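Please describe this protein structure for a first-year student. Take its helices, its sheet, its metal site and a few single residues in turn.

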Amino acid sequence: MASYETEHASDDTQRTSERPRRPDLSSFFSMMSEITTDSPQERNRPGAVPVPADMSTAYRTLADAFRIMQRDNENADTDMMEQMIESLMSSAERPPTEVKGVEEEWIAQLERVSVKKLKKDADCPICGNAFSEDPHPLLVRLPCHKTHVFDLECVRPWLLLNGTCPMDRIDFAKQIRERRQKQLEEIKKNAAPEDEEEEWDGLYG
Ligand SMILES: [Zn+2]
Ligand SMILES: [Zn+2]
């Protein structure tokens, strides 16, 4: 019995040291914090406009990390990962002027899921690791579907850059932008119920 446990433990240690759950994305996240800032005032500051080269690097860095995950992962959803990598690479080629992802605050309020509430063999669609094998699982559920559960650290970089669910491509960032736009229009409507003439006078006044 003792020998089984020892063997088992050493096996585990070996596996973790050989194969980390996912590539180190710390350089990606420091890049993202340079590109995006949390406060809208900061973002509107002229100097805060992202440099296209930085943007390209951010997309490429994440694509590279996803390639490593895909290579190391036997149960990978190949199609999904292919599409994610392809989308990242095409954004790297033609970086948008503005990151189309969601904000950290939005990610922070995502529903946390206990690993005990999931099927035993449930795994992360991105890295393919079984949640139950993670000694410190930190799982989030996207609002699109109850089975769309990911390791927070796997889906966070994707959400920051793309703002979509990798599985059904529901565009959360777009939903947020449209909701904000509507709110702005409401505010405008309420603040200036009529009339264009006044504005016209104002221009020449
Ligand atoms: Zn994962
Ligand atoms: Zn989804």
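## Helix H4 and its two partners

In this predicted model, the axes of H4 and H7 come within 11 Å and cross at roughly 150°. An angle over 145 degrees counts as roughly antiparallel, and H4 and H7 are therefore roughly antiparallel to each other. Their crossing is left-handed. On the H4 side the contact is made by Ala 58, Tyr 59, Leu 62, Phe 66 and Met 69. On the H7 side it is made by Cys 154, Pro 157, Trp 158 and Leu 161.

H4 (residues 52-72) also packs against helix H2 (residues 26-35), where the axes come within 10 Å and cross at roughly 150°. That angle makes H2 roughly antiparallel to H4. The crossing of H2 and H4 is left-handed as well. From H2, the residues Ser 27, Phe 28, Met 31, Met 32 and Ile 35 take part. They meet Asp 54, Met 55, Thr 57, Ala 58, Thr 61 and Leu 62 in H4. Ala 58 and Leu 62 of H4 are thus named in the contact with H2 and in the contact with H7.

## The chain as a whole

The protein chain has 9 helices and 3 strands. Read from the N terminus on, the order of elements is α-α-α-α-α-α-β-β-β-α-α-α. In other words, the strands follow one another in the chain, with helices before and after them.

Of the 205 residues in the protein chain, 35% count as buried. Among contacts between residues at least 6 apart in sequence, 67% join residues at least 24 apart.

## The sheet

How are the 3 strands arranged? They form an open sheet in the order S1-S2-S3, and the pairing is antiparallel. Strand S1 (111-113) and strand S3 (149-151) are at the edges, and each has a single partner strand, so one side of each is left without a neighbour in the sheet. From one strand to the next, the twist averages 40°.

Strands of a sheet pair through backbone hydrogen bonds. Here S1 and strand S2 (residues 139-141) pair over 3 bridges, in the antiparallel sense. One example is Glu 111, whose bridge partner in S2 is Arg 141. Helix H7 (residues 152-162) lies across S1, S2 and S3 and runs at about 95° to S3. H7 therefore has a place both across the sheet and against H4, to which it is roughly antiparallel.

## The zinc site

Which residues coordinate the zinc ion (ligand 2)? The donors come from Cys 144 (SG), His 148 (ND1), Cys 165 (SG) and Asp 168, which is listed with two OD entries. The distances are 2.0 to 2.8 Å. Along the chain, the donors follow the spacing C-x3-H-x16-C-x2-D.

His 148 lies in the loop between S2 and S3, and Cys 165 lies in the loop between H7 and helix H8 (172-191), so the pair ties together parts that are 17 residues apart in sequence. Both His 148 and Cys 165 are buried.

The loop between H7 and H8 also holds Arg 169. Is Arg 169 buried or exposed? At 57% relative accessibility, Arg 169 counts as exposed. Its phi is near 60°, a positive value in a residue other than glycine.

## Residues around H4 and H5

Arg 71 lies in helix H4 and counts as exposed, at 64% relative accessibility. The C-alpha atoms of Arg 71 and Cys 127 are separated by 9.7 Å, although these residues are 56 residues apart along the chain.

Asn 73 lies in the loop between H4 and H5. At 9% relative accessibility, Asn 73 counts as buried. Leaving aside neighbours within four places in sequence, Asn 73 is in contact with Ile 126, Cys 127 and Gly 128.

Pro 96 lies in the loop between helix H5 (78-93) and helix H6 (104-108). Not counting residues up to four places away in sequence, Pro 96 touches Met 55, Tyr 59 and Ser 91. Its C-alpha atom is separated by 8.9 Å from that of Ser 56, and the two residues are 40 residues apart along the chain.

How values were computed:
Residues numbered from 1 in each chain as written. Chains lettered and ligands numbered in written order. Predicted model: local features only at pLDDT ≥ 70, side-chain atom pairs only at ≥ 80, totals over all residues. Heavy atoms only, no water. Pairing = 2+ DSSP bridges. Helix = DSSP H or I, 4+ residues; strand = E, 2+ residues; numbered from the N terminus. Axes fitted to C-alpha atoms, helices over the stretch in contact; angles between N-to-C directions. Contact = heavy atoms within 4.5 Å. Donors = N, O, S within 2.8 Å, 3.2 Å for Na, K, Ca; no water. Buried < 20%, exposed > 50% of the residue type's maximum accessible area, 1.4 Å probe, protein only. Parallel < 35°, antiparallel > 145°, perpendicular 65-115°, else oblique. Left-handed = near helix turned anticlockwise from the far one by under 90°.
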